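Please open the structure in your viewer and keep the selection panel at hand. The stops below say what to select next and what is there.

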Amino acid sequence: MYSFIVSLCCLLSCSAFAQTSTDTLHEQQMNKIFHEEVIPYLNTCDSTPDWSTFGKRLISLYGDTGEEVLLLSQTIYSMQQDDWTNFSTAIIPYAKKYGPGIPAKQRYAFSDYMSRNAQLLYKSGQKEQGIRWQILALPLARETDHKTMLETIERMKKGD
């Protein structure tokens with residue numbers, strides 16, 4: 001579990017969490033919730049975290065900010081653990097609600113992970129799911145990747 005905490009901290013440090021002296025009040029609140037609630041919770045988990053129960057607690061204590069921390073933590077944790085099921089549960093509501101505010105480096109990492117899994121789904125015979133996830137990865141991707149991703153989507157639709 002400790003290696004995950006280090007990975008999560010590193011990924012979060014790429015975002016607004018890193019500039020503590022210039023953080024907005026919202027970023028300071030998120031950072032505080034992360035350090036006081038998420039890290040201790042994850043340190044006590046022996047297996048996959050119960051995100052639903054933990055989420056109810058965060059939301060009841062911190063409202064919308066708690067929800068944002070929950071979805072971000074679940075998304076990053078699941079991606080780091082290569083847990084596609086929990087990642088796919090968290091990324092859609094997170095991206096829909098907070099997409100424009102997600103730091104570019106995180107968006108790109110999420111898109112790369114989604115695209116990789118879309119191709120795995122497609123190759124495993126789950127073609128419609130693969131196409132769907134490739135399309136969902138597109139808005140989070142680097143602009144320079146859009147052309148290639150669109151070509152991939154077209155090839156998938158054609159069955160190539």
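Is Arg57 buried, partly exposed or exposed? Arg57 counts as partly exposed, because its relative accessibility is 41%. The model you are looking at is a predicted one, and the tour starts from this arginine before moving to other salt bridges and then to a pair of helices.

**Stop one: Arg57 and Glu37**

Keep Arg57 selected and add Glu37, whose side chain meets that of Arg57 in a salt bridge with an N to O distance of 2.7 Å. Arg57 belongs to helix α3 (residues 51-80) and Glu37 to helix α2, so the pair ties together parts that are 20 residues apart in sequence. Unlike a residue in the partly exposed class, Glu37 is buried, since its relative accessible area is 11% and buried means under 20%.

**Stop two: within α2**

Now select Glu36 together with Lys32, which form a salt bridge in which the closest N and O atoms are 3.9 Å apart. Both residues lie in helix α2 (residues 25-44), where four residues, about one turn of the helix, separate Glu36 from Lys32. Glu36 counts as partly exposed, because its relative accessibility is 47%.

**Stop three: the loop after α3**

Select Asp82, which lies in the loop between α3 and α4 (84-98). Look at the backbone here: the phi angle of Asp82 is near 55 degrees, a positive value in a residue other than glycine. With a relative accessibility of 46%, Asp82 counts as partly exposed.

For a short detour, select Asp64, Glu67 and Lys97, which are linked in a network of salt bridges. The structure holds seven salt bridges.

**Stop four: Arg142 and Asp112**

Next, select Arg142 and Asp112, which form a salt bridge whose closest N and O atoms are 3.2 Å apart. Arg142 lies in the loop between α6 and α7, while Asp112 lies in helix α5 (residues 104-123), so the pair ties together parts that are 30 residues apart in sequence. Arg142 is partly exposed, with a relative accessible area of 27%, and Asp112 is also partly exposed, with a relative accessible area of 37%.

**Stop five: α6 against α7**

Two packed helices are described by the angle between their axes and by the distance between those axes. Show helix α6 (residues 127-137) and helix α7 (residues 146-158), whose axes come within 10 Å and cross at roughly 165 degrees. That angle makes α6 roughly antiparallel to α7, because angles over 145 degrees are counted in that class. The crossing of α6 and α7 is left-handed.

Which residues should you colour to see where the helices meet? On the α6 side they are Gly130, Ile131, Gln134, Ile135 and Ala137, and on the α7 side Met149, Thr152, Ile153, Met156 and Lys157. By class, the contact of α6 with α7 has six nonpolar, three polar and one charged residues.

**Last stop: Thr152**

Finally, narrow the selection to Thr152, which is found in helix α7. Thr152 is buried, because its relative accessible area is 9%. If its neighbours within four places in sequence are left aside, Thr152 is in contact with Gln119 and Gln134. Draw a distance from Thr152 to Gln134, C-alpha to C-alpha: the two residues are 8.1 Å apart in space and 18 residues apart in sequence.

How values were computed. Residues numbered from 1 in each chain as written. Predicted model: local features only at pLDDT ≥ 70, side-chain atom pairs only at ≥ 80, totals over all residues. Heavy atoms only, no water. Axes fitted to C-alpha atoms, helices over the stretch in contact; angles between N-to-C directions. Helix = DSSP H or I, 4+ residues; strand = E, 2+ residues; numbered from the N terminus. Parallel < 35°, antiparallel > 145°, perpendicular 65-115°, else oblique. Left-handed = near helix turned anticlockwise from the far one by under 90°. Contact = heavy atoms within 4.5 Å. Nonpolar A, V, L, I, M, F, W, Y, C, P; charged D, E, K, R; others polar. Buried < 20%, exposed > 50% of the residue type's maximum accessible area, 1.4 Å probe, protein only. Salt bridge = Lys/Arg side-chain N within 4 Å of Asp/Glu carboxyl O.
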